[in-house]
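Colleague: Before I use this model in my own work, could we go through what can be read from it, and with what care?

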Amino acid sequence: VALDQAKPVLVFGLEMSSDDTVEAMLATEGKVSASRMRDGTMQEMDFPKLQAAANNLALAPIFFRDDVYDLAGIRSYVRQVKAIQPDLAVVVVDYLQLTEGAGSADRREQEIAIVSKALRRMAKDDGLAVIALAQLNDDGELRECRAIGMDATVQVTIEMCENEPGARLLRLRQRQGKTGVVVPVSFSGETFEWHPLAHEPEPASGKSFNSNQKRKHK
């Protein structure tokens, strides 16, 4: 959105630092191996691609915060950015279970539900696309709070595949339109790129990502 349409995007990186996020974006935009960037083993052909990626990203209206964890802080900073960038289009929260609610909830499930509903209201009131990443448990269900799924307009679950390590399945559910759509894609861990696959690989025992790889988009 920021690169192709020049519309402002605000990213709350609650899990990764802004530096790590920018490094991943440089790898994706420049199609340069992230491990070679980190290890200092870049090849000569990598440098012009990395420079071009840096130039493109420097012009993109992307705002980062990796030091805001509470709901009040998120809403406040969204208002600040929208005041100077009225056409703010997208807010990304990575990830939902790391946010802190209003502090009045007795249980963590209720606290996450408060955050989820507040993000939905913010999307509606401010005309924003809010993308909230969320962890799943080992059974592929939303961790800590099912309200996330009920509040979401569109859910995309990323599933591992049985026989192809680089393949993933994106399962879509949405309030309007066709649901249960499955999109086969490939994922490169070196450049963090996603590409469509012509065939549908076999899922890994019906389970989704585990550990830090578990994600569901809202």
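What follows is an exchange on confidence, helix packing, backbone geometry and a few individual residues.

Modeller: This is a predicted model, in which local features need pLDDT of at least 70 and side-chain atom pairs count only at pLDDT 80 or more, while totals for chains, interfaces and linings use all residues. Residues are numbered from 1 along each chain as its sequence is written, and side-chain values use heavy atoms, with hydrogens and water left out.

Colleague: What pLDDT does the protein average?

Modeller: The predictor's confidence in each residue is expressed as pLDDT, on a scale from 0 to 100. A score of at least 70 is reached by 89% of the residues, and the protein averages a pLDDT of 86.

Colleague: Over which residues does pLDDT stay under 50?

Modeller: Where pLDDT is low, the predicted coordinates should not be read in detail. The model does have 51 contacts beyond four places in sequence for the stretch in question, a contact being heavy atoms within 4.5 Å. The stretch where pLDDT stays under 50 is residues 209-218.

Colleague: How many helices and strands are there in the protein?

Modeller: Helices (H or I, at least four residues) and strands (E, at least two) are taken as DSSP runs and numbered from the N terminus. On that basis the protein has six helices and ten strands.

Colleague: Is the packing of α4 against α5 roughly parallel or roughly perpendicular?

Modeller: Two packed helices are described by the angle between their axes and the distance between the axes. The axes are lines fitted to C-alpha atoms over the stretch in contact, and angles run from 0 to 180 degrees between N-to-C directions. Helix α4 (residues 71-84) and helix α5 (residues 108-126) pack at about 15 degrees with their axes 11 Å apart. Since angles under 35 degrees count as roughly parallel, over 145 as roughly antiparallel, 65 to 115 as roughly perpendicular and the rest as oblique, α4 is roughly parallel to α5.

Colleague: Which residues in α5 meet those in α4?

Modeller: From α4 the contact takes Leu71, Arg75, Val78 and Lys82, and these meet Ile114, Val115, Ala118, Met122 and Asp126 in α5. By class, the contact of α4 with α5 has six nonpolar, no polar and three charged residues, where Ala, Val, Leu, Ile, Met, Phe, Trp, Tyr, Cys and Pro count as nonpolar, Asp, Glu, Lys and Arg as charged, and the others, Gly among them, as polar. The residues asked for in α5 are therefore Ile114, Val115, Ala118, Met122 and Asp126.

Colleague: At what angle do the axes of α1 and α3 cross?

Modeller: The axes of helix α1 (residues 18-30) and helix α3 (residues 46-59) come within 8 Å, and α1 is roughly perpendicular to α3. The contact is made by Met25, Leu26, Glu29 and Gly30 of α1 with Lys49, Leu50, Ala53, Ala54, Asn56 and Leu57 of α3. The angle at which these axes cross is roughly 115 degrees.

Colleague: Which peptide bond is cis?

Modeller: Most residues other than glycine have a negative phi, and most peptide bonds are trans. A bond with omega near 0 degrees leads into Tyr95, which is found in the loop between β3 (90-94) and α5. The cis peptide bond is the one from Asp94 to Tyr95.

Colleague: Is Phe192 buried or partly exposed?

Modeller: Phe192 lies in the loop between β7 (181-188) and β8 (193-196), and its phi is near 55 degrees, a positive value in a residue other than glycine. Buried means under 20% relative accessible area, exposed over 50% and partly exposed in between, with a 1.4 Å probe and protein chains only. At 30% relative accessibility, Phe192 counts as partly exposed.

Colleague: Which residues does Cys145 touch, not counting residues up to four places away in sequence?

Modeller: Cys145 is found in the loop between β4 (129-134) and α6 (147-151), where Cys145 is buried with a relative accessible area of 1%. Cys145 and Gln97, 48 residues apart in sequence, are 8.8 Å apart in space, C-alpha to C-alpha. Beyond four places in sequence, Cys145 touches Glu109, Ile112 and Ala113.

Colleague: By what distance are the C-alpha atoms of Glu100 and Asp70 separated?

Modeller: Glu100 is found in the loop between β3 and α5 and counts as partly exposed at 43% relative accessibility. Asp70 is among the residues that Glu100 touches, not counting residues up to four places away in sequence. Although their positions lie 30 residues apart along the chain, the C-alpha separation is 4.4 Å.
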